[in-house]
Amino acid sequence: MSLNSLAEIPPYVFYELDARRNRQRAAGKSLIDVGIGSPDGPIPDVVIEAMQRTAADRGLSGYPEFRAHPLFRQAVAGYLHNRFGVSVDAGSELLALAGSKEGIAELILSHTNPGDVVLIPEVYYPVYARATSLAAAQPVFVPFLPDGRLDLEAVAPGDLARARVMIVNYPGNPTTATITLDDYAHLVDFAARHDILLISDLAYSELSYDGYVVPSVLQVPGASRVAVEMHTCSKSFNMAGVRIAFVAGKREAIAQLDAYRSNIGYGVSTMAQMAGTAAFTHHEAIVPPIVAEYRARRDALVAAMQAGGWDVQAPKATMYLWLPVPGGYDDWGWVDALMEGPGVVVTPGIAFGEAGRGRFRVSLVQPADVLTKAAAAITSIAAAAPSS
Ligand SMILES: Cc1ncc(COP(=O)(O)O)c(C=O)c1O
């Protein structure tokens, strides 16, 4: 890695979005922000209590253990078993992380050499490609099939031969695409045949609706020989600011990540680990009301978009709508028209790679009545688009 590779990475689109939003705010504009996917709900009480207890505990004031506190490991292993029927060895197949974004970056940095290939879905959460570039490895984008699966046949043999890591993200941000266990089995088989580390980014494991239950890649028999999975408390438990996540699966990959991390840090804040311990221990009580709130928001937003004449399907999972930019606008033109006009902040599709161009993302991070207003603004501005 070098300052050159840092300089070659284009500015983070969310930075640019923040700058434009802040300029509007400074000019006195009142905004409805459905841009970034930062949950607006409260941290669960049981989690706050755990953090308070930890802060006051003299026995927990020293450096944390490198991999994870035993209570965190136990809670995570219990959650994986209870929620997915997955058994992991809490000593060797788990590691606490200060958020899955950092964890994904560290996995890429610890598993690639310059010139290696990382296979990334063509529409992707930005850190996949950015960490790959920081490692001086090469991102190769895998196209989606119409049903949301990845078109693995489209990867060129030369790229496949150099591929060390592949990342998948179901339910997807921003695509909202979902996956079946059979499709995961296919991915596991592909990764095993080509000797690739498969990283499943499961950031939205609990945010699903209408009876759809999100699977884990680790449910596939033998998956932990080739795959690791990233889980986070950020979305499912309204804990994005706490920064607690974990990775589970292939023990050699966990050991390599641990070795990498031990050179640059001291493990994850014990307070954050105890917060995560409480969340995973009490997931069955915490998650349903959070999901019910997102479902109500999703239904209100979809209904309001449909009332405005848009053909919008309700996503089965995540906290997003992934919509086409109306004719007459390019991505930033559309974002600016919404921000400067009715004051609605959305995320341009190019934040998620070139293949995201021509779409935009709306996050369900406002109450239902505010989302209804945002939808009315979006559909009326679109109706007045330059080309229509
Ligand atoms: C797909 C995906 N992965 C990872 C993250 C980052 O999660 P964390 O807060 O655990 O770093 C996000 C956050 O938006 C995400 O959408």
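Trainee: Where is Pro174 placed?
Mentor: In this predicted model, Pro174 belongs to the loop that runs between strand 5 and helix 8. The peptide bond leading from Asn173 to Pro174 is cis, with omega near 10 degrees.

Trainee: And the bond from Tyr170 to Pro171, cis or trans?
Mentor: The bond from Tyr170 to Pro171 is cis, and its omega is near -5 degrees. Pro171 is likewise found in the loop between strand 5 and helix 8, the latter spanning 181-193.

Trainee: Asn173 makes me think of the ligand. Which residues are closest to the ligand?
Mentor: The closest are Asn173, Asp201, Tyr204, Thr232 and Ser234, out of 14 residues that surround the ligand.

Trainee: What is the make-up of that shell in nonpolar, polar and charged residues?
Mentor: The shell around the ligand contains four nonpolar, six polar and four charged residues.

Trainee: What lies 2.6 Å from a nitrogen atom of the ligand?
Mentor: That is an N or O atom in the side chain of Asp201. For Tyr204, a side-chain N or O atom is 2.6 Å from an oxygen atom of the ligand. Ser100 contributes through its backbone: an N or O atom there lies 2.7 Å from a ligand oxygen atom.

Trainee: How much of the ligand's accessible area does the protein cover?
Mentor: The protein covers 94% of the 400 Å² that the ligand has accessible on its own. Helix 5 and helix 9 (233-236) are the elements that give two or more residues to the shell.

Trainee: Let us turn to the seven-stranded sheet. What is its strand order?
Mentor: The order is 2-8-7-6-5-3-4; the sheet is open and its pairing is mixed.

Trainee: Why is one side of strand 2 and of strand 4 left without a neighbour?
Mentor: Strand 2 (94-97) and strand 4 (138-142) stand at the edges, and each has a single partner strand, so one side of each lacks a neighbour in the sheet. From one strand to the next, the twist averages 20 degrees.

Trainee: How many bridges join strand 2 to strand 8?
Mentor: Four bridges join them, and strand 2 runs antiparallel to strand 8 (residues 245-249). Within this pair, Ala96 has Phe246 of strand 8 as its bridge partner.

Trainee: Which strands does helix 5 touch?
Mentor: Helix 5 (residues 100-111) packs on the sheet and touches strand 2, strand 3 (117-121), strand 5 (163-168), strand 6 (197-201), strand 7 (227-232) and strand 8. The direction of helix 5 makes about 155 degrees with that of strand 7.

Trainee: What about the sheet of three strands; which order does it have?
Mentor: That open sheet has the order 9-12-11 with antiparallel pairing. Strand 9 (320-324) and strand 11 (347-348) are at its edges with a single partner strand each, so one side of each is left without a neighbour in the sheet.

Trainee: How many bridges link strand 11 and strand 12?
Mentor: Strand 11 pairs with strand 12 (residues 359-363) over two bridges, in the antiparallel sense. Thr347 stands opposite Arg361 of strand 12.

Trainee: One last point, on the backbone. Is the phi of Ala136 positive or negative?
Mentor: The phi of Ala136 is positive, about 60 degrees, although Ala136 is not a glycine. Ala136 is placed in the loop between helix 6 (127-134) and strand 4.

Definitions and conventions: Residues numbered from 1 in each chain as written. Predicted model: local features only at pLDDT ≥ 70, side-chain atom pairs only at ≥ 80, totals over all residues. Heavy atoms only, no water. Pairing = 2+ DSSP bridges. Axes fitted to C-alpha atoms, helices over the stretch in contact; angles between N-to-C directions. Contact = heavy atoms within 4.5 Å. Near = heavy atom within 4 Å. Polar contact = N/O pair within 3.5 Å; in protein donor to acceptor, adjacent residues only side chain to side chain. Areas by Shrake-Rupley, 256 points an atom, 1.4 Å probe, with all protein chains shown as cover. Nonpolar A, V, L, I, M, F, W, Y, C, P; charged D, E, K, R; others polar.
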